[in-house]
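Let's take a stroll through a protein model and look at its domains, its strands and the empty spaces inside it. Keep the 3D view open while you read.

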Amino acid sequence: MTNRQKLKKLFAILDEIESYFHAIGKMSFDMECCAPEEGIEPAGKDMAVLGKQVHKLTHSKTYERLIRELHENNEGLSPVQKKTVEHLYDYWSKTKNISAQLSYEMDLVTNKAYGDWLSAKKASDFSLFRKSLADLIHYTRLAIDLREEKKATPYDSCLDDTEKGGSIAQLDGFFAALKERIVPLLQRIVAEGKPIREDFMSRPVPIPRQEAMSRYLLKLEGLRQSALVLMTTEHPFTTNFGRYDVRVTTHYHEDSFISNVFTTLHEGGHALFMQNEPQELHDQHCADNMTSAMHETISRFYENLIGRSEAFISLVAPKIRELSEGVFDDISDRELYEAVNVARPSLIRTEADELSYCLHIMIRYELEKAFINGEITVDEIPALWNAKYKEYLGIEVPDDAQGCLQDVHWSGYSFGYFPSYALGNAYGVQILRRMEKDFDVDAAVRAGELTRIRDWLTEHVFSIASLTTPDEWIRAVTGESLNVNYFLDYLEEKFTKLYELK
Ligand code: ZN
């Protein structure tokens, strides 16, 4: 068989797998957004049946042989096709030694862990979750031990899985730099920052008005409306089935109008990435291979760098006043800008402000690194969590529900994922500084020309994300590797001015 024929055969299998994935994904979306309570369990069974078909296809002798052979000899393949094979081979070689029995056991552990985590969080009792967490750590290490390719430590493998090239050596340096400048800045704000008015932020706005605001924002960001759906869910997310079916979800709180504004901007950022990867990458089964930090770079870019800028607030304030029917008529643009940027130490990551957010991530990083590498036991997690919140944020954690049980991430095999949020923040500012060399971003935002930002990102960022490692990507976009000083300078300048610090 020639390479051309092999590729044709491989793509036929991938087409089939993709259709199954789309079906499973649409069912999962349905489950999150509209299925009745009693319909969830039967829907889970339907999804499992489809999942079995995917497993069969990806574990067939033909599929494995095609990937191995095309990886060994990729002559005649286009650069994009070579990347497709590389991504598939990389995943295959990491998981090839996981037997069906082990994979089944690992699934059982996750299924149980999610339920245990929910009950533990509800009862605010870590002991109800400790066994499941210990099992997840055990199986994570077991799966890593089975690989041929060895990294310095098991947690290095977790980091490399999430962000190719990521390692403890890289992230220790990254977080040390954040800690050195963010912790004192936050302490200065608490000690000498000017008071910021925010009483008006909880004024109720009817939900239909908030929905109109979401639709306005998604359009403003430059999303193709005919390839977009907006729904509501408990924990907002965005998903896609190719470029032509992108689905954004949000959550409305009547007494927190602004929460939906930033959720929509964030999810809209993910949606822009999904709508604007080149069609060629989809045709060659290479799309959606960007890392989670790359995705978070874009969502946080729109949420914070654009959304929490004074230019953007001036742009949307009239719309906010119009849609809220007088609720914010007495509030100036400047007051609104200051209120959406209030920074203070807090307990809950998802509600944290732009400045303190990375400290929440750093705490999770330090703990994950220690428990995956066997430096601490599972039982030590709650007390260490609380001690770190005291040390970095200066606050007491009252209970485990608001402490180490707050996030869903540790109820699955997602160790190594948290750092991507902090990396995304740092990549974003570096990209913004490069964009500003090409045009006046602030002026474009003031004029409501957000499509200029979308077009720039499409050309420079979205086009190559699935084809590059994070380091290759940021170097291609900005001309240098990740430089955390852009982010830290940005934070210092913004918050020193905002709080009128000396
Ligand atoms: Zn996100």
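What follows goes from the domains to the sheet, and then to the cavities and a pocket.

**Domains**

Keep in mind that this is a predicted model. The domain assignment splits the chain into domain 1 (3-150) and domain 2 (168-498). How far apart do the C-alpha centres of domain 1 and domain 2 lie? They are 27 Å apart. The two domains also touch: 35 residues of domain 1 are in contact with 41 residues of domain 2.

**A sheet with a helix across it**

Now find the strands S1, S2 and S3. These three strands form an open sheet in the order S1-S3-S2, with mixed pairing. Which strands sit at the edges? They are S1 (228-232) and S2 (238-240), and each of them pairs on one side only. Neighbouring strands in this sheet are turned by 20° against each other on average, if you ignore direction.

Zoom in on S2 and S3 (residues 246-250), which pair in the antiparallel sense over three bridges. In that pairing, Asn240 has Val246 of S3 as its bridge partner. Then look for helix H10 (residues 257-275), which lies across S1, S2 and S3. H10 runs at about 165° to S3.

**Two cavities**

Next, go hunting for closed-off spaces. How many cavities of 30 Å³ or more are there? The count is two. Here they are side by side:

| Cavity | Volume | Element that gives the most to the lining |
|---|---|---|
| Largest cavity | about 50 Å³ | H12, four residues |
| Second largest cavity | about 50 Å³ | H17, three residues |

Start with the largest cavity. Its lining includes Arg300, Phe301, Asn304 and Leu305, along with Glu354, Gly424, Phe487 and Tyr490. The elements that give two or more residues to this lining are helix H12 (292-306), helix H17 (419-438) and helix H21 (485-498). Sorted by class, the lining of the largest cavity has four nonpolar, four polar and two charged residues.

The second largest cavity has its own set of neighbours. Among the residues lining it are Leu159, Thr162, Glu163, Gly166 and Gln170, as well as Tyr417, Pro419, Ser420 and Leu423. Two or more residues of this lining come from each of helix H7 (154-162), helix H8 (168-192) and H17. The class split for the second largest cavity is five nonpolar, five polar and one charged. You can spot H17 in both places: it contributes to the lining of the largest cavity and to that of the second largest cavity.

**A pocket**

Finally, turn to the second largest pocket, which holds about 510 Å³ of space. Which of its 20 lining residues are closest to its centre? They are Ser309, Glu310, Tyr337, Asp442 and Tyr490. You've met Tyr490 already, as part of the lining of the largest cavity.

Several helices supply at least two residues each to this pocket's lining: H12, H13 (310-323), H14 (333-339), H17, H18 (441-446) and H21. H21 provides the largest share, with five residues. What classes do the lining residues fall into? Nine are nonpolar, one is polar and 10 are charged.

**Pulling it together**

So which helices should you keep an eye on? H12, H17 and H21 each give two or more residues to the lining of the largest cavity, and these helices also each supply at least two residues to the lining of the second largest pocket. Try tracing them in the 3D view.

Terms used. Residues numbered from 1 in each chain as written. Predicted model: local features only at pLDDT ≥ 70, side-chain atom pairs only at ≥ 80, totals over all residues. Heavy atoms only, no water. 1 Å grid on protein atoms, 1.4 Å probe; cavity = no way out; pocket = protein on both sides within 12 Å on 5 of 7 lines; lining within 4 Å. Points joined across faces, edges and corners; volume = space filled by probe spheres on them. Nonpolar A, V, L, I, M, F, W, Y, C, P; charged D, E, K, R; others polar. Pairing = 2+ DSSP bridges. Axes fitted to C-alpha atoms, helices over the stretch in contact; angles between N-to-C directions. Contact = heavy atoms within 4.5 Å. Domains from an automatic or database assignment.
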